[in-house]
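Here are my notes on the structure, as numbered points. They follow the order in which I went through the model.

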Amino acid sequence: MTQAVTVLGIESSCDDTAAAVVRGVPGDMTVLSSVVFGQSELHADFGGVVPEIAARAHAERLDVSVAGALEQAGVSLADIDAIAATCGPGLIGGVVAGVMTAKGLSAATGKPLYGINHLAGHALTPRLSDGIPFSYLMLLVSGGHCQFLLAHGPDDFTRLGGTIDDAPGEAFDKVARLIGLGQPGGPAVEAAARDGDPARFAFPRPLANKPGCDLSFSGLKTAVLRARDDIVAGQAGLTVQDQADLAASFQAAVADSLAGKTRRALAAYLDLAPAQPTLCVAGGVAANMTIRALLETVCAEAHVAFNAPPLALCTDNAAMIAAAAIEQMPYRHPDGMDLSARPRMPLDTKSAAMLGSGKKGAKA
C-alpha cells in the first residue's frame, strides 16, 4: 500500500474511552488526533474496574470521543477512509459499545469497517511510533495481559510465553489495595516505591528456575499479603515507610522476573537471526520507569536495540487501533456488519491456550 489512508480508531476494551485519527501507510504513520477519557474517578471507591460502570461510561462518552478526535484532527467523517474498532479481548460491555459505535458510523457513511484485536494494537505500536521493521520481539505488559511475542508481520505473531495467572498490571492493582495505596495501582505503587527500600523484603521471583518464557505473579501477590499481615500483627498498622518498602520490594521482584524471562525470550529470538534485532515493550506496565530501565540493561547486554513507545501510546488508546488497521489493510478484507465483540481473543491462534479455554474461547 503506497497511498496514505486516514483511519478513525475507537478503543473501549477496559476503562478508557478513546478515539483517534491516524493517517499514513504501514510503517510511516502520523497521529492527527488522540482523545482519551479515563474512568479512574468512577471506579476509585471499588478498588478496581467495575465492568457495568465501565460499559455505561463508554456508551455515554464514545460519541463525544469521536467528535473530539475528528475536530482535533481537522477532518470530517467524509475525509475518513476507514473506521477501526477494538473487537476484543476485553470487558464485553465496553467492547460491544465500541463495536456498535463503529458499525453505526460505517453503516451511515459507507466507510469500510475493521475489527482489531486489542493485543495487535499494542503489539504494532512500535510501527506507529518509530517504524520498527519486522521481525521484532514484543513484550506486551498491561493490566490484563503479559506475553512475549515474535512479531513477524501485521497479523503474524508467535507467542514465546506469558503469564500463567495474573497479569503484571493486575498484580500492581491488587498489591496497591493490599498496602493501602490508591488506584490505578501501577502509578501508585511506582510513586510509593521511589521512597522505599527494594531489599527490605525478600519476595520471590516465581518460575525463575523453570525453563521457558512463562511468568507468574499470583504467588508474588500472596507474598506481599503475608508480609503486610506480619507487619500489621506487630504494630497494628502500616507506616508510610512500610508502604514504600513493600511497594519497592514488590516492584523490584516484578522487574527482575520480567528481566529474567526477557533474557530467555531474546535468546530464542536471536536464534532466528533477525536483520535488526529489537526488543519492543508496550502496554500500561511499560510506562513503569524501573521496569523500562532494567529491560534496557538486558538489551544492552545482548546487543539488541530497545524500543518503548511514548507514554501516551503505552496505555490504552485508539491511535494504536487505527494504526493496526492501516498495517493490516493490505492483507485482509474489511469486516461486515456481523463483526462480533469478543471477551477473549488470542493473538497467536496457532499455539495452545495458556490459560485454558471454554465456551468463550481461549483467554491467551
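1. Arg263 and Glu301 form a salt bridge between their side chains, at 3.4 Å from N to O. The pair links distant parts of the chain, with Arg263 in helix α9 and Glu301 in helix α10, 38 residues apart. Arg263 is partly exposed at a relative accessible area of 40%, and Glu301 is also partly exposed, at 49%. The coordinates come from a predicted model, and the distances here should be read as such.

2. Val298 belongs to the contacts between the helices just named. It sits in helix α10, which spans residues 289–302. With a relative accessibility of 2%, Val298 counts as buried, because the cut-off for that class is under 20%. Leaving out residues up to four places away in sequence, Val298 touches Ala259, Thr262, Arg263 and Leu266. Arg263 is thus in contact with Val298 and in a salt bridge with Glu301. For Leu266, 32 residues from Val298 along the chain, the separation of the C-alpha atoms is 9.3 Å.

3. The structure has 11 salt bridges. One of them joins Glu327 to Arg127, with 3.1 Å between the closest N and O atoms. This pair, too, links distant parts of the chain: Glu327 is in helix α12 (residues 319–328), Arg127 is in helix α5 (residues 125–130), and their positions lie 200 residues apart in the numbering. Glu327 and Arg127 are both buried.

4. Helix α12, which carries Glu327, is mostly covered, with 10 of its 10 residues buried. Among the buried residues of α12 are Met320, Ile321, Ile326 and Gln328, together with alanines such as Ala319 and Ala322.

5. A further salt bridge is made by the side chains of Lys174 and Asp166, at 3.5 Å from N to O. Lys174 is partly exposed, with 21% relative accessibility, whereas Asp166 is buried at 8%. What does the 21% of Lys174 make it, buried or partly exposed? Lys174 counts as partly exposed, because buried requires a value under 20%.

6. How many aromatic pairs does a search of the whole structure find? The search finds 3. Phe134 and Tyr136 make a stacked pair, with 5.6 Å from centre to centre and 10 degrees between the planes. Phe134 is partly exposed at 27% relative accessibility, while Tyr136, at 0%, is buried. In the pair of Phe172 and Phe250 the ring centres are 5.0 Å apart and the planes stand at 75 degrees, so this pair is edge-to-face. It connects distant parts of the chain, Phe172 being in helix α6 (residues 168–178) and Phe250 in helix α9 (residues 240–270), 78 residues apart. Phe172 and Phe250 are buried.

7. Two cis peptide bonds deserve a look in the backbone. The bond from Gly88 to Pro89 is cis, with omega near -10 degrees, and Pro89 is in the loop between β4 (82–88) and α3. The bond joining Gln183 and Pro184 is also cis, with omega of about 0 degrees. Pro184 is in the loop between α6 and α7 (185–193).

8. Positive phi values should be checked as well. Ala273, not a glycine, has a positive phi of about 55 degrees; this residue is in the loop between α9 and β9 (278–282) and is exposed at 61% relative accessibility. His303, likewise not a glycine, has a positive phi of about 60 degrees. The place of His303 is the loop between α10 and β10 (305–307), and at 72% relative accessibility His303 is exposed.

9. On the surface, Ile92, Val96 and Met100 make a nonpolar patch of about 250 Å². Val96 is in helix α3 (residues 92–109) and counts as partly exposed, with 34% relative accessibility.

10. Last, confidence. The chain has a mean pLDDT of 92, and 95% of its residues reach 70 or more. Over residues 356–362, pLDDT stays under 50. For that stretch the model has 12 contacts beyond four places in sequence.

Notes:
Residues are numbered from 1 along each chain as its sequence is written. This is a predicted model: local features need pLDDT of at least 70, side-chain atom pairs count only at pLDDT 80 or more; totals for chains, interfaces and linings use all residues. Side-chain values use heavy atoms; hydrogens and water are left out. pLDDT is the predictor's confidence in each residue, from 0 to 100. Contact means heavy atoms within 4.5 Å. Patches are made of residues with over 30% relative accessible area and no salt bridge: like charges are joined within 9 Å, nonpolar side chains (Val, Leu, Ile, Met, Phe, Trp, Tyr) within 5 Å. Accessible areas come from the Shrake-Rupley method with a 1.4 Å probe; for residues, only the protein chains shown count as cover. A salt bridge is a side-chain nitrogen of Lys or Arg within 4 Å of a carboxyl oxygen of Asp or Glu. Helices (H or I, at least four residues) and strands (E, at least two) are DSSP runs, numbered from the N terminus. Buried means under 20% relative accessible area, exposed over 50%, partly exposed in between (1.4 Å probe, protein chains only). Rings of Phe, Tyr and Trp (its six-membered ring) pair if their centres lie within 6.5 Å; planes under 30 degrees apart count as stacked, over 60 as edge-to-face and the rest as tilted.
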